[in-house]
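Trainee: I'm new to this one. Can you walk me through it?
Mentor: Yes, have a look first.

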Amino acid sequence: MPRYVCVHGHFYQPPRENPWLEFVERQETAAPWHDWNDRVAAECYSRNSASRILDSHGDIRKICNNYSMMSFNMGPTLLSWMKEKSPRCYKGIVDADALSMKRFGGHGSAIAQVYNHMIMPLSNSRDKRTQVKWGMADFKSHFGRLPEGMWLAETAVDTDTLEALAESGVKYTILAPKQASEIRKLSDNSSAWQDVKWEKVDTSRAYRCELPSGKSIAIFFYDGSLSHAIAFEGLLNDGKYFAGRLIDAKPETGYAVLSNVATDGESYGHHHDHGDMALSYCLEAIENRRDAQLTIYGQFLEENPPQYLVRIVENSSWSCAHGVERWRSDCGCSAGTPGYNQKWRAPLREALDWLRDKLIAQFEYMGAKYLKDPWEARDDYIEVILNRSRPFVDSWIASHAGRDLTGEEKTEVLKLMESQRCAMLMYTSCGWFFDEISGLEGTQILRYAARAISLMRELNGLDFEITFTRLLEKAPSNVREYVNGKKIYETLVKPSSVFLASIAAHYGIIALFPEFAPLIERDLWCFDRETKTVINDSFEEHGSKNTFAAGTIRLVSEITWEEKTYAFAARHKGEISMICGVSPLTEKDSPMKTLLTKPDELRKMLQSSNTEQLTDFFDRDLFSMRHVLGDAQKILLDSLLKDDTTRIEAGLREIVHDYDRLFKYLATMSVKPPSIIVASAAIVLNSDIVKCLSADVPNTEDLRRHLNRAKEWGVALDNERIGFTVTDWLMKQLRVICAHPTNQAEMSRVSDILELFINDFKWRLSLYEAQNIYNAALKENRHSITNFTSEMRDAFVALGRVLRFANEAILYQATE
């Protein structure tokens, strides 16, 4: 009988969006990438959509899409982010599923996942079913079909969870071998159940689990030792050895044998550098073998139906030795930070459970006033999440409403639904997985809780925050300055809250700087706006420039349809000193509304008033630089400090110039210059190289001179910053070249600069995206390349060679 091999990757990131803006803010710990989604996408998700197989010289022989040859699931919230922020990768994943259906007899390689990675055994029955329904609907929106299988967060399972899967038509799920309890041959009802606890289950076959409802679901158990070797024992160091281990994992038997592994998909690139390449080599090697065949779970299940029944270990998971205690107690499972404990886990879950139940009571009470069935509406709310267009949402509300609703009532319905969405997002498993409650993951789930609390406060005036934070006070932090969950909530969570007045103030402050018009001309995250500027001018005072801006802004939330119009007035007194006041405009006359009709008086007030007077006028605290939202704050700060940094850099440049001869002299003596002078030289040379690469046509000789100086003077360059700059420049050039690959001079220039960095100075540049662009150009121009002049063809091939494509790969694409 043939041997079958199935590799499953669980690709997932937790939802990271600011719950008020629906936007992932900059995360400095992911630098130099914008955020962790961005970083892991670059290191793993994109790489598996276009993975390299190298020849014996280390040149690219083939680029392949791993997703089309393996089983995988993508977290729904991650895939939605990817669709907008990493469209090339997203397309590669969707295309891979379509391709896999041809490869695997009509079965797609993609399977679904419970929506936001909630630990299912610890959730209530309604949340279980909504998680499954949302996960399936989200999957269909991306892949155009219903999923056959579904991945459970941390493979955490109980019978009620399997009932929820079977009820929705899911055919199978994947569990760890330690989650099998007993098995029995399907054809022999009289036989006794066989104990297979402690990973004694045969993982080479599929099993059927019969449920109390009369339904059933198939279960695959992955090979635990092989999966552990992939994740933790260096099996990805050698793709050929990896393939051999998979094929030889199970002895030949009288039935079809399945060798299957399951790990975090991030093993293939993020956790293990070049893990994607080991996987692609492995998959190709298996595909070329006669004694083994690649498969996926859906295909194997159709061809080899279960012959055995199985019972599961209730409340078990793949990543906790104590069942599901990692997500509700200090069980001992952790990421291993020395001296840390996880006594915060139980109080955190208790606080969230209390909040969830309070939100449920209000959801049922208020929802009954507007909706025929609030819980059915919640199950269907995924359709709104996937399509926020006004006409669609209006029709969705009409289909669930018990009567015609007013505009305000529709907003209340949407706020109720959003409070429930946040009530599920606050249970994302990563909030408990790691060692400290104040980490990114812990504070993120608390932000969802804060958003749910604020929505309920807006709906009916109920404030759950006092009791909620009192419960969080019982969650001790391992970080002394944070003390407990309450302090973390107050210092790391609440400041991220955003309200309509905050958005209006953000706009008002940015309006002070006309050069930043692009920051406010595009949509303000999930808010539509109409604006009218009454004042935007400046004057000199005591040698510094004062700028004023005032006007009105009407904001409409795309999420809840809440809307409000504000007057804003802002003043910039130089450097980072700026203030902005906002005041809601009502139908009744207000001082600000009257003043907006008198620009001269408003200008005079802004020019002469002190901060206290403005505070009194706006009847609230004023907003400042710290209230600028999202990435705009860093962009604005960098701009405001640009003159200062330029002046400092000019001073350092003079110092470095004065010490030029000394550097050269000391270099001949192998003596290091004083560290403070070396640091100055590093700032200047890094800046010079980046400026060179900022030009469309960099001066190659200038680049060579700067790089030579750094080498001769023993100056350590900022490899990350310069590497990113080279990569950005290269991608811009290649997009132009590959769209019209006839510019011989431009191709030669790019080749020369790459040769300079890679061959002359031995830099390790990330050529991944550039190689993808070139590979796409090869495919698109494979017929026209033969019509190039010999000079153009030589330049195009030379560019491919410096990008590390093998000659055979270039010629194959050009002639196939």
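Mentor: One term before we start: a patch is made of residues with over 30% relative accessible area and no salt bridge, and nonpolar side chains are joined within 5 Å. Also, this is a predicted model.

Trainee: OK, which residues form a nonpolar patch on the surface?
Mentor: Ile655, Tyr659, Leu662, Tyr665, Met669 and Val671. Together they have about 520 Å² of accessible area.

Trainee: Where is Ile655?
Mentor: Ile655 is in helix H25, which covers residues 642–658.

Trainee: And why does Ile655 count as partly exposed?
Mentor: Because its relative accessible area is 35%, and partly exposed runs between 20% and 50%.

Trainee: Switching topic. What about the backbone, what is usual there?
Mentor: Most residues other than glycine have a negative phi, and most peptide bonds are trans.

Trainee: Which peptide bond is cis?
Mentor: The one from Ala31 to Pro32, with omega near 10 degrees. Pro32 lies in the loop between strand E1 (3–11) and helix H1 (36–49).

Trainee: What is the phi of Trp198?
Mentor: Near 65 degrees, so a positive value in a residue that is not glycine. Trp198 is in the loop between strand E9 (194–195) and strand E10 (206–210).

Trainee: Is Trp198 buried or exposed?
Mentor: Exposed, because its relative accessible area is 78% and the cut-off is over 50%.

Trainee: And Trp561, buried or exposed?
Mentor: Trp561 is buried, at 8% relative accessibility. Its phi is also positive, about 70 degrees, and Trp561 lies in the loop between strand E16 (544–557) and strand E17 (563–572).

Note on methods
Residues numbered from 1 in each chain as written. Predicted model: local features only at pLDDT ≥ 70, side-chain atom pairs only at ≥ 80, totals over all residues. Heavy atoms only, no water. Patch = residues over 30% accessible without salt bridge, like charges linked within 9 Å, V, L, I, M, F, W, Y side chains within 5 Å. Areas by Shrake-Rupley, 256 points an atom, 1.4 Å probe, with all protein chains shown as cover. Salt bridge = Lys/Arg side-chain N within 4 Å of Asp/Glu carboxyl O. Helix = DSSP H or I, 4+ residues; strand = E, 2+ residues; numbered from the N terminus. Buried < 20%, exposed > 50% of the residue type's maximum accessible area, 1.4 Å probe, protein only.
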